[in-house]
Amino acid sequence: MWRYASGMAVIAGLLCLPASAQTPANSKDADKEAARAAQGYAPVRLWERPDVRAIRVELKPMANRAIHQHDDVKFHLFIPLTGKLQITIGSDKPVDAPVGQAFYIKGGTPHGFRNLGSTPGSAIEIFVINGASAASLDALGALLAGLQTAPLQP
């Protein structure tokens, strides 16, 4: 139970971080932001460290985050928070992504997700950058274990 509470506390803390911590966008970033908005996808950077970063993803109803990949990460976790989300990883068929279930995605693996619902959806993505320290991986492992031992209630 304490793992679940610890995991939830970490996620709650990440959700509460101000969006103002983001860096100003340059023109290339502005183009990316416009393309994401057209897809109904809005990432909000929550936390940035040399070896780990976290974002909150907001998806409009019926929005689709196109297939993409992250070549600069060792792996990342996709953790649905709200909505009726679906995820595609690699060449696998799309699967439902229940709230609170963590999905492990190895760096460089193509993936995408979408909101199948009529209400907004959201997720947390936690990225472990190539060369991350063992301490970062241990902390992330504890969070993941806490989330998986006691699934969130919708």
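## Accessible surface and burial

In this predicted model, the protein exposes about 8,500 Å². Carbon and sulfur atoms supply 58% of that area. Of the 154 residues in the protein, 38% are buried.

## Secondary structure and contact pattern

The protein has three helices and nine strands. Read from the N terminus, the elements run α-α-β-β-β-β-β-β-β-β-β-α, so that two helices precede the nine strands and one helix follows them, the numbering of helices and strands being counted from the N terminus.

Contacts between residues with a separation of 6 or more can be divided by their distance along the chain. Residues 24 or more positions apart account for 69% of these contacts.

## Nonpolar cores

The largest nonpolar core has 16 residues. Within this core, L59, F78, I87 and F113 are the residues with the most contacts. Several strands contribute to the same core: β2, β4, β5 (85-89), β7 (103-106) and β9 (121-129) each supply at least two of its residues.

The surroundings of L59 can be listed individually. Apart from residues up to four places away in sequence, L59 touches G40, Y41, L85, F113, R114, N115, P120 and G121. F113 is thus named both as a contact of L59 and among the residues with the most contacts inside the largest core. A second, separate core consists of twelve residues, including V44, L77, I79 and I124.

## Aromatic pairs

Three aromatic pairs are found in a search of the whole structure. One of them joins F78 and F113, with 4.6 Å between the ring centres and 35° between the planes. The pair counts as tilted because stacked planes lie under 30 degrees apart and edge-to-face planes over 60.

F78 belongs to strand β4 and F113 to strand β8 (residues 111-115), so the pair links distant parts of the chain, 35 residues apart, in strands numbered from the N terminus. F78 is buried, with a relative accessible area of 0%, and F113 is buried at 1%. Ring pairs also bring in Y41, which joins F78 and F113 in a cluster.

## Salt bridges and a charge over a ring

The model contains three salt bridges. In one, R45 is paired with E48, and the closest N and O atoms are 2.8 Å apart. R45 is partly exposed at 37% relative accessibility, and E48 is partly exposed at 39%.

In another, the side chains of R53 and D72 meet at 3.3 Å, N to O. This pair links distant parts of the chain, 19 residues apart: R53 lies in strand β2 (residues 52-59), and D72 lies in the loop between β3 (64-68) and β4 (73-82). R53 is buried at 12% relative accessibility, whereas D72 is partly exposed at 38%. The charged end of R53 also sits over the ring of F127, 4.6 Å from the centre of that ring.

R56 and E58 form a further salt bridge, with a distance of 2.9 Å from N to O. R56 is buried, with a relative accessible area of 17%; the value for E58 is 33%, which makes E58 partly exposed.

## Two loop residues

M62 lies in the loop between β2 and β3. Although M62 is not a glycine, its phi is positive, at about 65°. Most residues other than glycine have a negative phi. At 57% relative accessibility M62 counts as exposed, because the cut-off for that class is over 50%.

Q101 is found in the loop between β6 (95-97) and β7, and at 36% relative accessibility it counts as partly exposed. Leaving aside neighbours within four places in sequence, Q101 is in contact with F78, I79 and P80. Q101 and F78 are 23 residues apart along the chain, and their C-alpha atoms are separated by 8.3 Å. The contacts of Q101 therefore include F78 and I79, where contact means heavy atoms within 4.5 Å. Of these two residues, F78 is named in the largest core and I79 in the second, separate one.

Conventions: Residues numbered from 1 in each chain as written. Predicted model: local features only at pLDDT ≥ 70, side-chain atom pairs only at ≥ 80, totals over all residues. Heavy atoms only, no water. Helix = DSSP H or I, 4+ residues; strand = E, 2+ residues; numbered from the N terminus. Buried < 20%, exposed > 50% of the residue type's maximum accessible area, 1.4 Å probe, protein only. Areas by Shrake-Rupley, 256 points an atom, 1.4 Å probe, with all protein chains shown as cover. Salt bridge = Lys/Arg side-chain N within 4 Å of Asp/Glu carboxyl O. Phe/Tyr/Trp six-rings, centres within 6.5 Å; stacked < 30°, edge-to-face > 60°. Lys NZ or Arg CZ within 6 Å of the ring centre and 35° of its normal. Core = buried A, V, L, I, M, F, W, Y, C linked by side-chain atoms within 4.5 Å.
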